[in-house]
Amino acid sequence: MLELCAVDAGYGNAQALHGVSFSVGAGEAVALIGRNGAGKSTTLKALMGILPCRAGDRRFEGRSIAGLPVHRTSRLGIGYVPEDRQVFGPLTAEENLTVGARSHRPGPWTLRRVYDLFPRLAERRHARGQSLSGGEQQMLAIGRALMANPRVLLLDEPTEGLAPIIVDTLADAIAIINGEGMAVVIVEQNFAVPQRLCRRFAVMENGAVAWAGDTAAFAADRDRIDRLIGV
Ligand code: ATP
């Protein structure tokens, strides 16, 4: 449904992606893993149109969207939760969520459904974004993206730095979201959470996809993958 075909992208004079090909199909959950600086976040930014493709193509449902800016990309039904979450600090949790519904596409995700998914957010609905814990902010960032009813959700290290119990809560929520048919791309440095959620994996190294395969191939190639991600 959404794919990069041999994409080069970067920052200023620095090229960060070298011929990256990556795709996610309708309803699929795909993991993008790799060490610090391998190019995972940059790949998500290229998928979202935050960074332009300097070479290669970006495609949605078979059509080239290489030059499409971010706001129009999100209107196609592509949601993005950045690594730093970008919660609006002075706004309440509920206001953050309703901002997410501005570019609303029709679909199942409403305030009520987000609160069902994350009961903690319902309890904290009147708290300002800046007063929420890291885990609550991550729930809020995901909830805000869901409010736009995307068809694909791009998640950049959603569990980084969070306590194991919160990691479990988030992994359960992502499994529910994906189980209801939304495609998910999840970026993580290690594979603990992706292994629970995904059947297809891509491992990045030095701005390129160094390995890609399904669960069976992942298990068979485990030694090589451990070396690539530096376990
Ligand atoms: P991390 O886990 O640290 O987020 P990553 O795999 O997501 O790692 P990227 O953030 O995509 O890696 O970084 C890929 C390369 O691009 C790195 O060499 C990094 O230093 C560089 N880079 C990332 N963001 C910028 C930026 N805003 N300006 C310049 N270079 C950048």
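This passage describes the sheet, the helix that packs on it and the surroundings of the ligand in a predicted model.

The strands form an open sheet of four, ordered β2-β1-β4-β5, in which the pairing is antiparallel. The edges are occupied by β2 (14–24) and β5 (63–64), and because each has a single partner strand, one side of each is left without a neighbour in the sheet. Strand β1 (residues 2–11) and strand β4 (residues 55–60) run antiparallel and are joined by five bridges, with Asp-8 standing opposite Ala-55 in β4. Helix α1 packs on this sheet, where it touches β1, β2 and β4, and the direction of the helix makes about 115° with that of β1.

Helix α1 (residues 40–48) also contributes to the shell around the ligand, supplying three residues, the largest share. In total, 13 residues surround the ligand, the closest being Asn-36, Gly-37, Lys-40, Ser-41 and Thr-42. By residue class, the shell comprises six polar, four charged and three nonpolar residues.

Oxygen atoms of the ligand are approached by polar atoms from both side chains and backbone. A polar side-chain atom of Asn-36 lies 2.6 Å from a ligand oxygen atom, and an N or O atom in the side chain of Lys-40 is 2.7 Å from an oxygen atom of the ligand. For Ala-38, a polar backbone atom is found 3.0 Å from an oxygen atom of the ligand. Of the 620 Å² of accessible area that the ligand has on its own, the protein covers 60%.

Conventions
Residues numbered from 1 in each chain as written. Predicted model: local features only at pLDDT ≥ 70, side-chain atom pairs only at ≥ 80, totals over all residues. Heavy atoms only, no water. Near = heavy atom within 4 Å. Polar contact = N/O pair within 3.5 Å; in protein donor to acceptor, adjacent residues only side chain to side chain. Areas by Shrake-Rupley, 256 points an atom, 1.4 Å probe, with all protein chains shown as cover. Helix = DSSP H or I, 4+ residues; strand = E, 2+ residues; numbered from the N terminus. Nonpolar A, V, L, I, M, F, W, Y, C, P; charged D, E, K, R; others polar. Pairing = 2+ DSSP bridges. Contact = heavy atoms within 4.5 Å. Axes fitted to C-alpha atoms, helices over the stretch in contact; angles between N-to-C directions.
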